[in-house]
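Colleague: Could you walk me through one part of this model in some detail? I'd like to hear about the sheet and whatever packs against it.

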Amino acid sequence: MKEKVVLAYSGGLDTSVIIPWLKENYDFDVIAVAVDVGQKDDFAAVEKKALQIGASKFYAADKKEELVNDFIIPMLKSGAKYEGTYLLGTSIARPVIAKALVEIAQQEGASYIVHGATGKGNDQVRFELGIKALAPNMKVIAPWRIWDIKSRKQEIEYLKSHEIKLPFKENTSYSRDENLFHISHEGLELESPHNAPDYNHVLQWVLPLEKTSDTPECISIDFEKGVPVKLNGKSMSALDIINSLNEIGAKHGVGVIDLVENRLVGMKSRGVYETPGGTILYFAHEELERLCMDRESLQAKMKLSNDMAKLIYNGQWFTRYRKALSAFVEETQEFITGTVNLKLYKGNILLNGMDSKYSLYSEEFSTFDEDTVYNQKDAEGFINLFGLPIKIEALLRNK
């Protein structure tokens with residue numbers, strides 16, 4: 001009886017090569033698993049292709065709700081942004097994909113899990129750390145680290161030599177990753193930071209600014225304990241809110257970044273990311289936190305959100321430290337409830353007013369007009385005490 005392997009299968013270039021390569025080099029029963037995290041794929045066509053090129057079985061595992069509720073929403077609450085900019089759209093989907101692969105591998109009694117991540121990238125780490133955390137004895141095959149193929153060009157030649165149809169047009173072969181939260185683009189002209197992105201060819205979701213509406217659009221988002229629950233006054237699931245905001249943000253050019261980032265494996269890489277709905281949600285959530293969260297909690301959370309971003313980027317979701325950070329984040333979200341109004345225009349998100357029953361803003365104390373609650377003379381003693389260490393140091397230096 002043949003050993004079974006579970007392959008993380010997308011139907012793209014890498015995994016289209018891996019199935020025949022596995023059949024040629026190992027006597028394996030290949031089970032292809034496409035994890036549905038919201039990518040706009042025709043899974044019936046993906047299944048047909050997988051079976052045609054040698055897979056014995058195909059699974060389409062729908063993990064959209066799980067991705068949103070168990071991964072994206074905790075990440076949103078944490079405010080995690082890798083290196084202050086990247087909203088971790090690719091990174092956050094990897095643990096849910098790894099979890100699905102482990103579940104099916106265990107169900108099928110598979111000996112190996114196979115993935116198509118390259119030996120230069122972050123995803124090999126993310127997938128394998130997830131697998132180690134959930135199935136520590138599971139073996140992994142990563143073809144890019146062991147086969148003789150060295151480039152996308154050689155992969156294309158391999159498919160042609162095996163009379164397998166290319167899964168894309170050869171002259172537009174950006175390396176893309178898509179899920180319900182974002183789509184990323186790498187390769188071609190993007191490999192040189194000197195080159196401006198050809199947005200008319202690169203962008204798949206978001207309109208280039210030149211094509212966006214000349215009329216701004218106003219929206220409102222309601223949060224309960226940090227979770228988005230309403231869009232424009234209508235109760236919706238977080239998944240539906242993200243999908244709707246993707247459409248709204250995309251038509252106003254919101255959520256595109258051109259980023260050079262530091263990969264975990266040590267090199268810098270350059271990519272263009274589209275995250276329209278996520279960009280809007282992050283903005284709204286952060287503004288509501290400023291209104292409702294006390295200073296010390298907010299500033300501590302801002303520091304720890306950087307740790308959360310690194311953990312997610314580095315594939316360490318299933319770790320005790322990540323769980324501890326999430327526990328802290330959950331405590332901070334107790335009073336992050338309210339409505340945030342926004343105006344979207346030409347790639348910009350503008351705050352258009354917000355309201356919360358848990359607001360810590362006091363017009364009575366903050367007003368520039370006359371008030372009866374704040375004695376401005378009290379500030380003199382505060383400044384003298386707060387500045388005492390500075391004064392003592394200066395006096396000693398001057399002696």
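Modeller: Sure, and keep in mind that this is a predicted model. The part you're after is an open sheet of 5 strands, paired antiparallel in the order E10-E9-E8-E13-E14. At the edges sit strand E10 (234-235) and strand E14 (348-355), each of which pairs on one side only. Moving inward, take strand E8 (residues 217-224) and strand E9 (residues 227-231): they run antiparallel and are joined by 4 bridges. Within that pair, aspartate 222 stands opposite lysine 230 in E9.

Now for the helices. Helix H8 (residues 238-251) packs on the sheet, where it touches E8, E9 and strand E13 (338-345). Its direction makes about 65 degrees with that of E9. Then there's helix H9 (residues 276-292), which lies across E8, E9, E13 and E14 and runs at about 40 degrees to E14.

While you have the model open, have a look at the annotated site too. An unreviewed UniProt entry gives a "binding site" that includes Leu13, Asp14 and Gly116. The annotated residues are spread over 109 residues of sequence, yet they cluster in space, with a largest C-alpha distance of 12.6 Å. Leucine 13 belongs to helix H1 (residues 13-25), and because its relative accessible area is 5%, under the 20% cut-off, it counts as buried. Glycine 116 is in the loop between strand E4 (112-114) and helix H5 (123-134). That glycine 116 is buried too follows from its 14% relative accessibility. Setting aside neighbours within four places in sequence, glycine 116 contacts Asp14, Ile18 and Trp144.

Notes:
Residues are numbered from 1 along each chain as its sequence is written. This is a predicted model: local features need pLDDT of at least 70, side-chain atom pairs count only at pLDDT 80 or more; totals for chains, interfaces and linings use all residues. Side-chain values use heavy atoms; hydrogens and water are left out. UniProt positions are given in the numbering used here, feature names are shortened, and annotations may be inferred rather than shown by experiment. Helices (H or I, at least four residues) and strands (E, at least two) are DSSP runs, numbered from the N terminus. Buried means under 20% relative accessible area, exposed over 50%, partly exposed in between (1.4 Å probe, protein chains only). Contact means heavy atoms within 4.5 Å. Two strands pair if DSSP finds at least two bridges between them. Axes are lines fitted to C-alpha atoms, for helices over the stretch in contact, and angles run from 0 to 180 degrees between N-to-C directions.
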